[in-house]
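Ready for a stroll through a protein? Have a look at the sequence and the 3D view, and keep them open while you read.

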Amino acid sequence: MIGIGFVLLLLAWLTVNAIKNPTDFFNVLLIGVTTGAVYALIALGYTLVYGILQLINFAHGDVFALSGLFASTMILSVMGLGDNSSTLAIVGGLGATFVIAAGFGALVNSTIEFVAYRRLRQAPRLAVLITAVGMSFIVQNISLAIFDVNFRSIPPLISDHDVFHVGGVHYNWQSFFVVLVTLPVLVLLTWLVKATKQGKAMRATSQDPEASAIMGIDVNRTISFTFLLAGGLAGVGATLFLVEFNVRYDTGFELGLIAFTAAVLGGIGNLTGAVLGALCIGLIQAFNEGLSWNAPGSDWTRSIVFGILIAILVFRPEGLLGERTPEGA
């Protein structure tokens, strides 16, 4: 009842804002969808690993930041892309950067699994949790040592002209590019997990690793592939984030916690739930920071997001689309 009451209050607040200033409301809505699309790529990395190992890979957000810094070096120093680059050079350079950044993120993530997590699969969960937090700080400090403390950004390679402009509501190509890249990645990931032999091995390992090994599935290879896939998603997400924002060594820490909240909200271990949770968090953040009538403002964003995390863990630990288990996840 408390949850229903809270949701009704939220809907009433959104309705009043939509009536008072519909232009701002729909512009903020589009910003929230764009932000949620980036969060979805990070949240899927958390939920993939948790689905196999019941492990929260806290280093995932830092892999995201390191991949973004690496992508900035690729775009600026290797590809040499800038404001004056031709359309063909931008398309080719960004396409190559996406592939290379995904490969880099996959390599870093699978290395973390091999070095830190593989030998702890039978260890108590507290040991694995502490190791995950430790790996987060290690990756963060590696990023700081290599790329220093400054933010990295790239020139506006994607046009900021409007895709559409209806009344005062507009959506530019730079934001639409994020959604345009994210949607095929999500569809491809869903197909890979649900329809391919490797995806079936991942689902079987998630349900029962011992029985999967007896049936001939290489559990170690399946887990390594899952970390590769999660790291690749982090690399793609980091490059997309770099197109609109800037990145530095600690960017992934906060984004990782927000994406983790999105994964828990949707039902951690559930791919569709991770995307739904990420879109919800993206919209909540955008509405809180962008609406004018009685919005708490950006100073409260972290408190609201983590308040949602605590509420979900207390009242509905399985999330929006997750299944209730003895562990509640």
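Below we go from some helix pairs to a pocket. One thing to keep in mind: this is a predicted model.

Let's begin with how such pairs are talked about. Two packed helices are described by the angle between their axes and by how far apart those axes are.

Try α4, residues 87-117, and α9, residues 219-244. Their axes cross at roughly 140° and come within 6 Å of each other. Angles over 145 degrees would count as roughly antiparallel, and this pair is therefore called oblique. The crossing of α4 past α9 is right-handed. Who does the touching? On the α4 side you'll find T97, F98, A101, A102, G105, A106, L107, N109, S110, E113 and Y117. On the α9 side, the partners include I223, F227, L228, G231, G232, G235 and L240. Sort the residues of this contact by character and you get 12 nonpolar, 9 polar and 1 charged.

Now stay with α4 but swap its partner for α3, which spans residues 60-78. Here the packing angle is about 145°, and the axes lie 9 Å apart. This crossing is right-handed, too. From α3, the contact draws on H60, V63, L66, S67, F70, A71, M74 and I75. From α4 come, among others, L94, I100, F104, V108 and I112. Check T97, A101, G105 and N109 as well: these α4 residues take part in the contact with α3, and they also turn up in the contact with α9. The α3 and α4 contact has 12 nonpolar residues, 5 polar ones and no charged ones.

Back to α9, which also packs against α7, residues 197-207. How are α7 and α9 set relative to each other? Their angle is about 105°, with the axes 10 Å apart, so the two helices are roughly perpendicular. Q198, A201, M202 and T205 of α7 meet V219, T222, I223, F225, T226 and L229 of α9. That contact splits into 6 nonpolar and 4 polar residues, with no charged ones.

Finally, let's look for an opening. The largest pocket has a volume of about 1000 Å³. It is lined by 26 residues, and the closest to its centre are F6, V7, L10, I284 and I308. Which helix gives the most to this lining? That's α1, with 9 residues. Helices α1 (2-20), α11 (271-290) and α12 (301-315) each supply at least two. And the character of the lining? Count 20 nonpolar residues, 5 polar and 1 charged.

Methods. Residues are numbered from 1 along each chain as its sequence is written. This is a predicted model: local features need pLDDT of at least 70, side-chain atom pairs count only at pLDDT 80 or more; totals for chains, interfaces and linings use all residues. Side-chain values use heavy atoms; hydrogens and water are left out. On a 1 Å grid over the protein atoms alone, a cavity is a set of points where a 1.4 Å probe fits but cannot get out, and a pocket is an open set with protein on both sides within 12 Å along at least five of seven lines; lining residues have an atom within 4 Å of a point. Grid points are joined across faces, edges and corners, and a volume is the space filled by probe spheres set on the points. Helices (H or I, at least four residues) and strands (E, at least two) are DSSP runs, numbered from the N terminus. Ala, Val, Leu, Ile, Met, Phe, Trp, Tyr, Cys and Pro count as nonpolar, Asp, Glu, Lys and Arg as charged, and the others, Gly among them, as polar. Axes are lines fitted to C-alpha atoms, for helices over the stretch in contact, and angles run from 0 to 180 degrees between N-to-C directions. Angles under 35 degrees count as roughly parallel, over 145 as roughly antiparallel, 65 to 115 as roughly perpendicular and the rest as oblique. A crossing is left-handed if the near helix is turned anticlockwise from the far one by less than a right angle, and right-handed if clockwise. Contact means heavy atoms within 4.5 Å.
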